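Subject: Structure handover and notes

Hello,

Here is the structure for your files. My notes on the contents follow below it.

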Amino acid sequence: QVQLVESGGGLVQPGGSLRLSCAASRNIFSLVTMGWYRQAPGKQRELVAALSKGGSRNYADSVTGRFTISRDTAKKTVYLQMNSLKPEDTAVYYCNAKMVVTTGLQDYWGQGTQVTVSS
């Protein structure tokens, strides 16, 4: 199992920046991928960015060029740097980890952190 604890959300004006952090309870190289999803009111949860164990990055089209996912393996932490934020980025952001278990690939989720972009 893996526990994920997010931090760094808050209220920011359009054009501003925030950095989200996700601390894992185990070595992140034991995880297939770590990433960030978001869910806005009335919408489905969607992938924002993902980082594989091998270092491959994947971004949603809507955030490409504005958001950057990175990791600090010593701190067992993944970050999401969000720049040039827009009101449409407002959502609850969830950290996700995928790990191979005996029954296949298992998803683990953090508790979520609110990001609000508003003037």
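The side chains of Lys 98 and Asp 107 meet in a salt bridge, with 2.5 Å from N to O; the term stands for a side-chain nitrogen of Lys or Arg within 4 Å of a carboxyl oxygen of Asp or Glu. Lys 98 is buried at a relative accessible area of 19%, while Asp 107 is partly exposed at 32%. Here buried means under 20% relative accessible area, exposed means over 50%, and partly exposed is in between (1.4 Å probe, protein chains only).

On provenance: this is a predicted model, in which local features need pLDDT of at least 70 and side-chain atom pairs count only at pLDDT 80 or more, whereas totals for chains, interfaces and linings use all residues. Residues are numbered from 1 along each chain as its sequence is written, and side-chain values use heavy atoms, with hydrogens and water left out.

The structure holds four salt bridges in total. Salt bridges with shared partners link Arg 38, Glu 46, Arg 66 and Asp 89 into one network. Within this network, Arg 38 pairs with Glu 46 at 2.7 Å between the closest N and O atoms, and with Asp 89 at 3.0 Å between the closest N and O atoms. Arg 38 is in strand E4 and Asp 89 in the loop between E8 and E9, so this pair ties together parts 51 residues apart in sequence. Arg 38 counts as buried at 6% relative accessibility, and Asp 89 is buried at 1%. Glu 46 is partly exposed at 36%.

Next, the strands. Strand labels follow DSSP runs numbered from the N terminus (E, at least two residues, for strands; H or I, at least four, for helices). Four strands form an open sheet in the order E1-E3-E8-E7, with antiparallel pairing; two strands count as paired if DSSP finds at least two bridges between them. E1 (4-7) and E7 (67-72) are the edge strands, each with a single partner, so one side of each has no neighbour in the sheet. The twist from one strand to the next averages 15 degrees, where axes are lines fitted to C-alpha atoms (for helices over the stretch in contact) and angles run from 0 to 180 degrees between N-to-C directions. E1 and E3 (residues 18-24) run antiparallel and are joined by four bridges. Ser 7 stands opposite Ser 21 in E3.

The largest nonpolar core has 31 residues. Such a core is a set of buried Ala, Val, Leu, Ile, Met, Phe, Trp, Tyr and Cys residues joined through side-chain atoms within 4.5 Å. Those with the most contacts inside it are Leu 4, Met 34, Trp 36, Leu 80, Met 82 and Tyr 93. E3, E4 (33-39), E5 (46-52), E7, E8 (77-82), E9 (91-101) and E11 (113-117) each supply at least two of its residues. E9 gives the largest share, five residues.

One last region is the loop between E3 and E4, which holds Leu 31 and Val 32. Leu 31 is buried at 1% relative accessible area, whereas Val 32 is partly exposed at 32%. The C-alpha atoms of Leu 31 and Gly 104 are separated by 13 Å, with their positions 73 residues apart along the chain.

Regards
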